[in-house]
Amino acid sequence: MTTAPARITLSSGGQKRTEDLFSPAGRDLVAGLWLEVSAQFRLMYDLTWLGIPIIQLPGDIVMMQELIWRLRPDVIVECGFAHGGSAILYASILELTGKGIVLGVDVEVRQYNRLAVESHPLAHRIRIIEGSSIDPATAERVRAACAGARTVLVVLDSNHTTAHVRAELDTYHSLVTPGSYAVVMDGAQALVAGIPAAKPEWKESHPLAAIETFLAAHPEFAEDPRYTRTLVTCNPRGFLRRKAIGEDR
Ligand SMILES: C[S@@+](CC[C@H](N)C(=O)[O-])C[C@H]1O[C@@H](n2cnc3c(N)ncnc32)[C@H](O)[C@@H]1O
């Protein structure tokens, strides 16, 4: 017995698009829709990691776990600490590697977030740095804390305008050690700019535009699609690997 092929039709803005559900195009259509629904319903705001709120989608959490376990960094620089759940996630993987710290940078760390992280069992792997990520004084503190580290991973998840992300990339890319990554989060802002809850500026200003100009200017970095293979991701094109020394540019 054969079953009829499943088709999916999306009607939106007076246009219709139909795909075979079980084709790559159908899969990508559904993934894009689920990303939009996730953003509309703020599903990424509803998770915790070891008790602390984290603002990430489940698949993205798994991808960061894979990356950190593989790289075993000495320092993870995270711009955009928020409640601290992502720093706790990264610290929890570092703990299993037996080494490494997370530098959590945020322009404003609320007292209850600071207290929750500082009293967490993983607090010994986290240093909080309060200040704007693109302030030279903040960058200097980060740079000093990375001195002597063999492997540094940089994660950018703070202000998601094009200008800010590009400024962060300019400020921190040189800290990324060869073979490690600058992870630019929330490029999906551009992909969900059409949802009812979107902010008007998302269409024009987003991390994807910063990634594009940065990669054009920095052939020593290349996008690695491996860590966006869950498809429903806030971080499309966001895993920028610094090529190893001697690797073709
Ligand atoms: C999306 S949240 C970070 C989410 C967090 N990484 C997580 O996964 O749970 C963005 C954070 O960036 C911070 N932020 C905004 N502008 C900033 C700046 N100029 N420098 C540093 N942090 C900034 C905000 O205060 C906010 O806490």
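Here are legends for four views of this predicted model.

Local features are taken only where pLDDT is at least 70 and side-chain atom pairs only at pLDDT 80 or more, while totals for chains, interfaces and linings use all residues. Residues are numbered from 1 along each chain as its sequence is written, and side-chain values use heavy atoms, with hydrogens and water left out.

**View 1. The whole chain has 7 helices and 11 strands.** Both kinds of element are DSSP runs numbered from the N terminus (helices: H or I, at least four residues; strands: E, at least two). The radius of gyration is 19 Å, close to the 18 Å that the globule rule gives for 249 residues, so the chain is as compact as a globular protein of that length. That radius is taken over C-alpha atoms, and the rule is 2.2 Å times the number of residues to the power 0.38. Along the principal axes, the C-alpha atoms fill a box of roughly 60 × 45 × 40 Å. Of the 249 residues, 49% count as buried (under 20% relative accessible area; exposed is over 50%, partly exposed in between; 1.4 Å probe, protein chains only).

**View 2. Here is the ligand with the residues that surround it.** There are 17 of them, and the closest are Ile-55, Gly-80, Asp-106, Ser-133 and Asp-157; to count, a residue needs a heavy atom within 4 Å of the ligand. Look for a ligand nitrogen 2.7 Å from a polar backbone atom of Gly-80. A ligand nitrogen also sits 2.8 Å from a side-chain N or O atom of Asp-157, and a polar side-chain atom of Ser-132 is 3.1 Å from a nitrogen of the ligand. On its own the ligand has 600 Å² of accessible area, and the protein covers 83% of that (Shrake-Rupley method, 1.4 Å probe; for residues, only the protein chains shown count as cover).

**View 3. Helix H4 (residues 111–118) has buried residues Asn-113, Arg-114 and Val-117.** These cover an arc of only 100° around the axis, which puts them on the same side of H4; the arc is that of the directions from the helix axis to the C-beta atoms. Gln-111 and Tyr-112 are exposed, on the face turned away from the buried side. Helix H3 (85–97) and strand E7 (126–130) are among what covers the buried residues.

**View 4. Asn-235 lies in the loop between strands E10 (221–223) and E11 (239–242).** At 3% relative accessibility, Asn-235 counts as buried. Leaving aside neighbours within four places in sequence, Asn-235 is in contact (heavy atoms within 4.5 Å) with Asp-60, Val-184, Met-185, Asp-186, Gly-187 and Thr-228.

Conventions. Polar contact = N/O pair within 3.5 Å; in protein donor to acceptor, adjacent residues only side chain to side chain.
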